[in-house]
Amino acid sequence: MSLLDGLEVGQVVAERTVHLTRDSLVRYAGASGDFNPIHYRDDVAAQVGLPGVLAHGMLTMGVAVQPVIDWADARGWVSDYQVRFTRPVVVDPALGADLTITAKVAAVEDDAARIDLTVTFGGQTVLGKAQVRVTTLA
């Protein structure tokens with residue numbers, strides 16, 4: 001069965017809430033090599049005028065596309081993915097931060113679909129024009 005069978009514009013293909021913690025940020029820093037202290041030290045974040053410790057943008061981008069990857073499973077692959085970072089994700093030291101992700105079909109072509117992501121934190125969009133192109137496997 002093709003990934004595109006029965007797919008309709010406007011259809012929600014995935015929804016997920018991802019909880020980020022300060023531990024998540026430390027693990028991502030270790031994996032990515034991005035040890036900028038704004039991602040783990042409140043005092044440094046405050047010194048540069050930030051509202052708190054921020055999640056790495058690439059971490060946010062990465063967790064946002066995962067529901068689409070899971071939905072595509074072995075039927076397709078992500079052939080393009082682009083976002084604009086619109087707002088920071090402030091990760092509270094005690095409560096963490098919940099990202100809500102909704103993936104909706106925006107276009108269906110012969111061998112691919114464009115999936116638009118809505119990614120919010122605290123009711124506000126944090127990624128703008130988040131678009132994923134998923135191409136079917138032969």
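**A salt-bridge start, then the core**

Student: Which residue does Arg114 form a salt bridge with?
Tutor: We're looking at a predicted model here. Arg114 counts as partly exposed, since its relative accessibility of 29% falls between the 20% and 50% cut-offs. Its partner is partly exposed too, with a relative accessible area of 24%. The closest N and O atoms of the pair are 2.8 Å apart, and that partner is Asp116.

Student: How many salt bridges does the structure hold?
Tutor: Side chains of opposite charge can pair when their charged atoms come close. Besides the pair you just met, Glu109, Asp111 and Arg133 are linked in a network of salt bridges. For the structure, the count of salt bridges is 6.

Student: How far apart in the chain are Asp70 and Arg16, the pair that links distant parts?
Tutor: Their side chains meet in a salt bridge, with N to O at 2.7 Å. Asp70 sits in helix α3 and Arg16 in strand β1, so look for the two ends in separate elements; along the chain, their separation is 54 residues.

Student: Is Asp70 buried or exposed, or somewhere in between?
Tutor: Buried needs under 20% relative accessible area and exposed needs over 50%. Asp70 comes out at 39%. Its salt-bridge partner Arg16 has 30%. By those cut-offs, Asp70 counts as partly exposed.

Student: What is the distance between the closest N and O atoms of Asp43 and Arg41?
Tutor: Asp43 is partly exposed at 38% relative accessibility, and Arg41 is partly exposed at 37%. The two form a salt bridge, and the gap between their closest N and O atoms is 2.7 Å.

Student: OK, zooming out. In what order do the helices and strands of the chain come?
Tutor: The chain has 3 helices and 5 strands. Start at the N terminus and follow the elements along: they run β-α-α-α-β-β-β-β.

Student: What share of the 138 residues is buried?
Tutor: A residue needs under 20% relative accessible area to count as buried. Picture the C-alpha atoms filling a box of roughly 50 × 30 × 20 Å along the principal axes. Of the residues in that chain, the buried ones make up 41%.

Student: Which element gives the most residues to the largest nonpolar core?
Tutor: That core has 36 residues, and those with the most contacts inside it are Trp71, Tyr81, Ile115 and Leu117. At least two residues come from each of β1, α3, β2, β3, β4 and β5. The top contributor gives 8 residues, and it is α3.

Student: How far apart in space are the C-alpha atoms of Val68 and Leu117?
Tutor: Val68 lies in helix α3 and is buried, at 0% relative accessible area. Leaving out neighbours within four places in sequence, Val68 is in contact with Ala103, Ile115, Leu117, Val132 and Val134. Leu117 in turn touches a list of residues that includes Val68, Tyr81 and Ile101. Val68 and Leu117 are 49 residues apart in sequence, yet their C-alpha distance is 9.0 Å.

Student: Which residue has its backbone oxygen reached by the side chain of His56?
Tutor: Find His56 in the loop between α2 and α3. At 1% relative accessibility, His56 counts as buried. Not counting residues up to four places away, His56 touches Leu25, Tyr28, Ala29, Asp34 and His39. At 3.3 Å, its side chain reaches the backbone oxygen of Asp34.

Student: Which residue's ring lies under the charged end of Arg75?
Tutor: The structure holds 0 aromatic pairs, but here a charge sits over a ring. The charged end is 5.7 Å from the ring centre, and the ring belongs to Trp71.

Student: What is the approximate phi of Lys129?
Tutor: Most residues other than glycine have a negative phi. Asp73, in the loop between α3 and β2, goes the other way, with a positive phi of about 50°, and Asp73 counts as exposed at 57% relative accessibility. Lys129 is in strand β5 and is exposed as well, at 52%. Lys129 is not a glycine either, and its phi is positive, about 45°.

How values were computed. Residues numbered from 1 in each chain as written. Predicted model: local features only at pLDDT ≥ 70, side-chain atom pairs only at ≥ 80, totals over all residues. Heavy atoms only, no water. Core = buried A, V, L, I, M, F, W, Y, C linked by side-chain atoms within 4.5 Å. Buried < 20%, exposed > 50% of the residue type's maximum accessible area, 1.4 Å probe, protein only. Helix = DSSP H or I, 4+ residues; strand = E, 2+ residues; numbered from the N terminus. Contact = heavy atoms within 4.5 Å. Polar contact = N/O pair within 3.5 Å; in protein donor to acceptor, adjacent residues only side chain to side chain. Phe/Tyr/Trp six-rings, centres within 6.5 Å; stacked < 30°, edge-to-face > 60°. Lys NZ or Arg CZ within 6 Å of the ring centre and 35° of its normal. Salt bridge = Lys/Arg side-chain N within 4 Å of Asp/Glu carboxyl O.
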